[in-house]
Every structure is written in C-alpha cells, then in structure tokens.
Amino acid sequence: MKTSLKTKVGRRRFLAATVVSTSGALAVAVDKKPITQASVPGDPSAPEEQAGTVPSSPPFDAPIQFTRQEAPLRVKPFALTQVRLLPSAFLDAQEANRSLLHRYSADRLLHNFRVNAGLPSSAEPLGGWEKPDCELRGHFVGHYLSACALMHAATGDAELKSKAQYMVGELAKCQERLGGGYLSAFPVELFTRLNNRKHVWAPFYTYHKILAGMLDVHEHCGNAQALTVAEGMARWVDQWTAAVSPEHMQMVLDEEFGGMNEALYNLSAFTANPQYASVGDRFTKKRFFNPLALRQDRLRGLHTNTHIPQVIGAARRYELSSDRRFYEVADAFWTEVAETRTYVTGGTSNNEGWLTDPNHLAEELTRGTDSNECCCVYNMLKLTRKLYTWSGDPRLFDYYERILYNHRLGTIDTSNGHTQYYLGVVPGSWRTFATEDGSFWCCTGTGVEEYSKLADSIYFTDGKDSLYVNLLIPSELNWAERGIRIRQTNQFPVRPETHIEIEGQTPPTFTLHIRIPSWVQTQASVFINDKESEVSAAGGSYLVLQRRWHPGDVVRVTFPMQVQVERMPDDPKLQAFLYGPLVLAARISATKVPESFVVGRQGPDFKKQGPAAVPTLHAKDKAPESWKRVSEEHLQFEGARSESRWSLVPFHSIGAGERYTFYWKVV
Ligand SMILES: [Zn+2]
C-alpha cells in the first residue's frame, strides 16, 4: 500500500508519526506538490520511474466503449460452496483466520463509519490503519466483509454470514445518513483534496474495498441489501467522475485507487447495467495500460500493488466485452511480473515497487530490504486464476502453487491468524507479524480474504464432462451438477503422492485431468484401484483419464520429487534450492530476534538487528543431489559432506523471529 507522503517517510516511520499525533491531524508534513507516481520522492531506495518515449500508437487513446460481449472461457472454477478443505496445513490456515474473523467486534469495525455519518457509537476505536485519524480508515472493513462472505461460502459458517449481514445493514444506515449514495468512514472532503491535487491518502483505494465487500456479501451470502448499497456507492462514483474532465481524471488516477475498475465491472455484470462498466472505464490509467497493450515492459519505477488490481480490472473487462486490448494488458503484465520480476518464493516487489529492469532481481536486493509485499501475491493469484480460465494452461499453476506453498503458508501465524506484510528475501531476514487490533495494514486486509478462499482454485471444469485437479490440497468436491463427489487425500508434500476417490450414486463417465507440475522431471506413476496404468504425462501438462468410473474407484498418482536449483537471472552464483514446489531455507542463527522486532512490525529492520552476510556454499555443495533428505517423516535436508553445517527445511516452516536464508552464494 503506497503512502503519498511527499516527505521521506517510510511506512514504519509514518505509522510512528500517526501514533504520536494527539491533535487528530497527521503528524507529518504535507506539501502542495502534484501527486506523482513514485511513492516516496527523496528516498534513494524508492522506485525511480522509467524514462522513455510514449508508445507510437497508444491503443487506449482510441475510444473505449463498453458493449457486453462475453469472452469464452475454457474452464471455470467450482463455486466455493462446492469445495471443502480436509485436514492439512491449508485447513489450519483457514481455521486460524476463521477464529480471527470471529474475534473482531462488528461495532468496533463500524465505529468510524458511524462517527463519519453522525450516528452514535460508543465502541472502542481500532488502531493502526483503522485509527480514527488515519485517512485509510474503513479499508479493512471492506476486506472484512469480503472475508466473512468468502468464509461463509467456504465453510458454511452461519455466524460470520449473520455478522456480515448485520454490518451491511448498519452501513446502509450510514449511507442513508450521508446521502447521495456515498459510503465511507471518512468525509467526502478527502475526495475534494484528491480532485484538487492536494495531499491525500488514496480515498478511492478504500472506497474500492468497501464496494468489493458489498459485492462479495451479495454474491456469497445472497444479500440483496448489499447490492443496493453497492449501486448507491457506484452512482456516487458516476457523478464524481463525470464531473471531471477525462484529462483531469487521468491525473486523479496517479493516486492509488485499488481495483475500482474491477468492482464496477463486477457490479455491471451482477446488475446487467452497462452504465457501471462505463464508469469503470473511467478508471483506465492510460499511461500504464498503453505500453502493456503493446507488450512493452515499462514497469520499472511503478508502485507494485497500486497496479496489480488495475490489471485484474482489465482482465474482468476483457471477460465481459471481449475487447482484446484489455486481454493484452492482462496477459503481458502477468508474463512480465511472473517470469522476470518474481523471486523464488513467487513474490514480487522491493520497497513496494519495481526498482530495476526485468530480470535484475539480484540487483533489486541491493536496493532495499522491504521485499515481497504480501498483498501483491494475493492479487497476482487472483490474476493468475483469471488467465487460467481463459487458456486452461496447467503451467500457470506452477506459479500459483509456488506462491501457495511459500508465500501463503508461513505468512499466517496459525496460533492467532495474524499475517505478514513484507516477506523478507535478503539473507538474515525474519518473519514479522501484525498485531490483533493495532495494525490493519493493506496485507492484513488481503490476508483475511486469502485464507478464506484457499479452496477456490483446486478444481475446475469445462462445464461439460471434464474435471481438472490443479492443486494437491486435501479436499472434497461436490460436483452436484453431475451427482459426483470427489475426495482428495494425501500427506503431500511429506509424501509425494495424492489419492483421488470417486464417490456418488451412479457410475459416471467423465474425464479426469490431473495436473502434473513442471517440477516433476521424471515419470509420474498412476494407479487406478492399485493397478498401475500405462497412461503418462510430462511435467507441465495434464494426465488425462477418461473412463466410466465406479463409486469407490481410487486414483493414486505419485510425483517424483527431487531437490532442484534456481539461479538469479542476473547473478547465477546466487542460488536457491527447491524440493518440488517448496523453497528450502536454513535457520542461520541460533537465537531468535526479540519479540519487539517481530510483533507489529511490517518487516525486518536491519538497522536495528544488523545485516547478515549471504551464506557461502562451495561448489561441491551446490549440486542439488548433494542435499539428502534425512527423514521419511519430515522434510529436512542436509549436505552430503559431513562437515556441512546447514540443514534445509521448507521455508514456510520457519517461524516468527527466526533468521533465515533461502538464497546462497555458491563459489
Ligand atoms: Zn500490502
């Protein structure tokens, strides 16, 4: 989440400044410079915008006219209500998040909205970015509505549904009181400042979260009032954006606005009202989309998570209208980020931006230590899922799976549901976590959504007779349209296999597509009812089993796993090791970082704890085969040479405050 402070104020220092403020105003300097792209001018580690020329024939300079003409999808996910997680680390993460959602008080969450609407509230205000004087207040409430709705769909949790519906009803009262459809926890004056190019912190970003939350409660809880509230909010946006010239609107879009375009496209789809999509089109940031539509990487200097949600919006726009310009934006962006700007963990961003040209990840690490903002991977997963439904390409799930195991598992503390902000990449980093009610960062918001919908991408269908199994997450699928139930169980990744059992009343005929990940370098073996099948498939493709199934049939697939090496593109001596999709890491210090540098911190602070040298491995150790798994029951690897001091474990198993590395210098 980008601050637009024009002084050199890092995120942690910004937070400290707001904490000490007693006057109700932000205790930071504000100037009148126009809002620009880079997050913190004057900070040598801040993104530096890429110089260059404007593309010769900008595709988005042509008229943008919305006409609904839906693009064909090759595959679509099952509804969250049709999939249930079974015991695994993913279920643990979901349940930790569910407990957290239950613990939050609806009235505390509503406090700032009621105060802003002039309605009584005696609730204790929340802290962090939900403090009553924080300009982003209310953003987490939108995330919270989405999370409750998704969690209800994923688990059937009726209490969270009731809580979300209560909050929608109370927020509707606030909207009524505020008038004109406007709904926010801060006054409309923040939007006036945005319009006047005065300093303000991303009011449309927060507005998007609330709008999206309403749409999620409508979609997953069947709540009609939420849709009515959302339409009121959108009508206000229509009026606000219609009152500014298109040229001025392009300048307004320099300030982070989340996925306003996506939410308005979704609202248009729900209501079959094209006007909302036309309002969404006003959030087309042309100088960002134009190069992408020409498949040019001009991402250097951009704030990462300001832009990913805009591309999700572009993807949704393509789906609804078949306008290829938007397809190119989404596809080109994904390709650049996933293939040239992603660390081994699947994460992206440094100091919240892209600081270098593509394929300069080692150089990125010399520029700063605040790497891998968690909300970026949340949004990249959303985008990947969309691209997959267009192509059905299983290789997209190599990326998806990498993020799930290394950047979603581990970034939630399953003892309390608290989540991370930055996931440190620099050797010697350690995990830091939010507090219960004093953080509410951007990544806290995407966190409560993420761990409410871990079941949403395991199974897909072509809508006819094909079932696609993309992830090895223990779960049950109720394919009600076909009267079929699927039960997937395994001990993956401790044991490299999965079991898929067919349940149901009548023997169905359908085609089972099981994704063979690209990390499978030798043959995957398939057994049907313990009898080995001759069917095979290479890594990065689907194993296809078409037959008349019988209730009780069990398919067992084994996936040979081995340690593999991945090198930094601009420094091949900087290497990481993986076991299947798992990044392997080592604890490099016997003592943990003190809790005061862990809890409530957005990331590791090397100024306080000191840097750690990149551990060096000698050439004999660098070969992947020199790492041997030492236990059948656990994932632990040791170097072949007895004097090797390092022990590798899955990165996600490294706990809070433990200093680690997953990149090594190999000499
Ligand atoms: Zn974030």
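This report describes a zinc site, the helix that supplies part of it, and the surroundings of one asparagine in a predicted model.

The zinc ion is held by four protein donor atoms, listed below, which lie 2.2 to 2.3 Å from the metal.

| Donor residue | Donor atom | Distance range for the donors |
|---|---|---|
| Glu373 | OE | 2.2 to 2.3 Å |
| Cys375 | SG | 2.2 to 2.3 Å |
| Cys442 | SG | 2.2 to 2.3 Å |
| Cys443 | SG | 2.2 to 2.3 Å |

The angles among the four donor atoms run from 87 to 124°, and the site is tetrahedral. Along the sequence, the donor residues follow the spacing E-x1-C-x66-C-C. Glu373 and Cys375 are both buried. Cys442 and Cys443 are likewise buried, and they belong to helix α18.

Helix α18 spans residues 442–450 and is mostly covered, with nine of its nine residues buried. Besides the two cysteines, the buried residues of α18 include Thr444, Gly445, Thr446, Gly447 and Val448, together with Glu449 and Glu450. These buried residues pack against five helices: α2 (89–103), α4 (139–155), α7 (203–221), α16 (374–391) and α17 (396–408).

A separate local environment is that of Asn116, a residue of helix α3 (residues 106–116). Asn116 counts as buried because its relative accessibility is 18%, under the 20% cut-off. The side chain of Asn116 reaches the backbone oxygen of Phe186 at 3.1 Å. Apart from neighbours within four places in sequence, Asn116 is in contact with Leu178, Tyr182, Ser184, Ala185, Phe186 and Pro187. Phe186 thus appears both in this contact list and as the residue whose backbone oxygen the Asn116 side chain reaches.

Conventions:
Residues numbered from 1 in each chain as written. Predicted model: local features only at pLDDT ≥ 70, side-chain atom pairs only at ≥ 80, totals over all residues. Heavy atoms only, no water. Buried < 20%, exposed > 50% of the residue type's maximum accessible area, 1.4 Å probe, protein only. Helix = DSSP H or I, 4+ residues; strand = E, 2+ residues; numbered from the N terminus. Contact = heavy atoms within 4.5 Å. Donors = N, O, S within 2.8 Å, 3.2 Å for Na, K, Ca; no water. Tetrahedral: all angles 85-135°; square planar, octahedral: opposite > 155°, others 65-115°. Polar contact = N/O pair within 3.5 Å; in protein donor to acceptor, adjacent residues only side chain to side chain.
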